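Biologist: Got a minute to go through the pockets, the ligand site and a few backbone oddities with me? I'll ask, you talk me through it.

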Amino acid sequence: MISPQLNKAAFDITAIRKDFPALNQKIYGDKPLIYLDNAATSQKPQVVLDRLATYYQQENANVHRGVHYLSQTATDYYEATRTKVKALLNAGHAHEIIYTSGTTAGINLVAYSFGEKYVKQGDEIIISAMEHHSNIVPWQMLCERKGAQLRVIPMDETGTLDLDAYAKLLTEKTRLVAVVHVSNSLGTINPIKEMAQMAHAAGAAILVDGAQAIPHGKADVQDLDVDFYVFSGHKVFGPTGFGILYGKEKWLEAMPPFMGGGDMIETVRFEKSTFAGLPHKFEAGTPNIADAIAMGTALDYVESIGFEAIASYEQSLLKYATARLSEIEGIQFFGTAKEKASVISFLMGDIHPYDAGTILDRLGIAIRTGHHCTQTVMHFFGIPGTMRASFAFYNTIEEIDRLTESLLEVRRMFLK
Ligand code: 7TS
């Protein structure tokens, strides 16, 4: 087992935790909050909260439309986030970064716009066996609209995708592959670079759902050579209601707009309108200005800690938590792939995850229970749901110890 000294390594966890007001509270009177539901959403550092307040207190104005001071200031800050995201993803151009309301919105945009232009009857879309509902349903809706077929890359019992089966699914009918980078219910890190090469060799585009990847590390869209990459700001210590769609220029240029309205046009006549260039073509209406700006602050904050330090610390937490939880008799893990992020799904004997989760909650520990918006994963394992602990860089060894002790307590209660 790894030494509990780990806390002192890499970075100053005590200082980091002070940056997150939500972590420093007691719930149910006297229980220090142990927040282990980071895959659902992460907590926000004070600098992000301050940035939101500053925007509304001093800079509030609409963007891209004013000659006045506030509008220009807001526009500058709003656009600065685009440059930060471009760097985070190593995109070729800032205009390949499209602001959305989140991962779900980004996938729906591509399913609609790419689908509208490139997918026709008899074509195929490939997804994987471990997708979040938001990377299944939009493709089903597209297939329904177009008379296309959905194909699914199978996985094995460890939660590892079968790449041989994937190779066989790729044909001249495949228009697009949509696959998750890191599974939210199993933690599996998929080999995206290899999967992108395979998709491209078959003449298909690839969209990657990075919702669970970006909180744990950067993604280099040029090195991975992916066509689309989406993620949500709220899982990366930023505000809710803001997300990113990266798309290769050649696709975004060719795709029709998703929503029509203000800001996305060049000229409007009753007979016909023309559209703005990238990225505005895909950003109709008054955008989520405050959250876009605060997202830039969140990225600065994460960069100040360092993605590499975060990744290595979280890997240590994952190893420690896996070892500690393995001490519990009858525990069963779901998702034991070689390459994993800091997400652990498990069941304890036949104790219902909801019952265990409710007791943990009363002890101050927040985990998620249920299907985690991956019903097809639960169906594969023949279970209704799991308990899931998901760790961020502000979690500690002590919290994992408390989780383990509390689960042992739950087990004792149910075995009585
Ligand atoms: N894709 C993955 C892999 C996700 O984990 C999630 C959210 C989404 C897409 C959707 O993101 P949204 O921000 O558009 O809602 N996952 C979870 C979760 O695991 N628990 O709550 C939300």
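Biologist: How do the residues lining the largest pocket divide into nonpolar, polar and charged?

Modeller: Keep in mind that this is a predicted model. The largest pocket holds about 470 Å³ of space, and 24 residues line it. Split by class, that lining comes to 9 nonpolar, 8 polar and 7 charged.

Biologist: Which helix gives the most to the lining of the largest pocket?

Modeller: Closest to the centre of this pocket are Ile 189, His 216, Gln 315, Lys 340 and Ala 341. One helix puts 8 residues into the lining and spans residues 307–326. That top contributor is α11.

Biologist: Where does the largest pocket lie with respect to the domains?

Modeller: Look at who supplies the lining: domain 1 (4–46 + 306–415) gives residues, and domain 2 (49–303) does too. Since both take part, the largest pocket lies between domain 1 and domain 2.

Biologist: On to the second largest pocket. Which element gives the largest share of its lining?

Modeller: This one has about 320 Å³ of space. Its lining has 18 residues, with Tyr 99, Thr 100, Ser 101, Met 259 and Phe 282 nearest the centre. The elements that give two or more residues are β4 (97–100) and α4 (103–118). The largest share is 3 residues, and the element behind it is α4.

Biologist: How many charged residues are in the lining of the second largest pocket?

Modeller: Take the other classes out of the lining's 18 residues: there are 10 nonpolar and 7 polar ones. For charged residues, the count is 1.

Biologist: Now the ligand. Which side chain has an N or O atom 2.5 Å from a nitrogen atom of the ligand?

Modeller: Asn 184 has a side-chain N or O atom 2.8 Å from a ligand oxygen, and a polar side-chain atom of His 234 also sits 2.8 Å from an oxygen of the ligand. Neither of those pairs involves a ligand nitrogen. The 2.5 Å partner of the nitrogen is Arg 368.

Biologist: What percentage of the ligand's area does the protein bury?

Modeller: There are 16 residues around the ligand, and among the nearest are Thr 104, Asp 209 and Arg 388. Their shell has 4 nonpolar, 8 polar and 4 charged residues, with at least three drawn from each of domain 1 and domain 2. Alone, the ligand exposes 490 Å², and the share of that buried by the protein is 86%.

Biologist: What is the volume of the largest cavity?

Modeller: The structure holds 1 cavity of 30 Å³ or more. Of its 14 lining residues, Asn 38, Ala 39, Pro 215, His 216 and Phe 391 are closest to the centre. By class the lining has 6 nonpolar, 6 polar and 2 charged residues, and each of the two domains supplies at least three. The volume is about 70 Å³.

Biologist: Which residue is joined to Leu 278 by a cis peptide bond?

Modeller: Most peptide bonds are trans. At this one, though, omega is about 0°. The partner sits in the loop between β12 (273–275) and α10 (289–305), and that residue is Pro 279.

Biologist: Last one: what is the phi of Tyr 28?

Modeller: Most residues other than glycine have a negative phi. Tyr 28, in the loop between β1 (26–27) and β2 (31–32), isn't a glycine, yet its phi is positive, about 50°.

Conventions:
Residues are numbered from 1 along each chain as its sequence is written. This is a predicted model: local features need pLDDT of at least 70, side-chain atom pairs count only at pLDDT 80 or more; totals for chains, interfaces and linings use all residues. Side-chain values use heavy atoms; hydrogens and water are left out. On a 1 Å grid over the protein atoms alone, a cavity is a set of points where a 1.4 Å probe fits but cannot get out, and a pocket is an open set with protein on both sides within 12 Å along at least five of seven lines; lining residues have an atom within 4 Å of a point. Grid points are joined across faces, edges and corners, and a volume is the space filled by probe spheres set on the points. Helices (H or I, at least four residues) and strands (E, at least two) are DSSP runs, numbered from the N terminus. Ala, Val, Leu, Ile, Met, Phe, Trp, Tyr, Cys and Pro count as nonpolar, Asp, Glu, Lys and Arg as charged, and the others, Gly among them, as polar. Domain bounds come from an automatic or database domain assignment. A residue is near a molecule or strand if one of its heavy atoms lies within 4 Å of it. A polar contact is a pair of N or O atoms within 3.5 Å; within protein, one must be able to donate a hydrogen and the other to accept it, and residues adjacent in sequence count only if both atoms are side-chain atoms. Accessible areas come from the Shrake-Rupley method with a 1.4 Å probe; for residues, only the protein chains shown count as cover.
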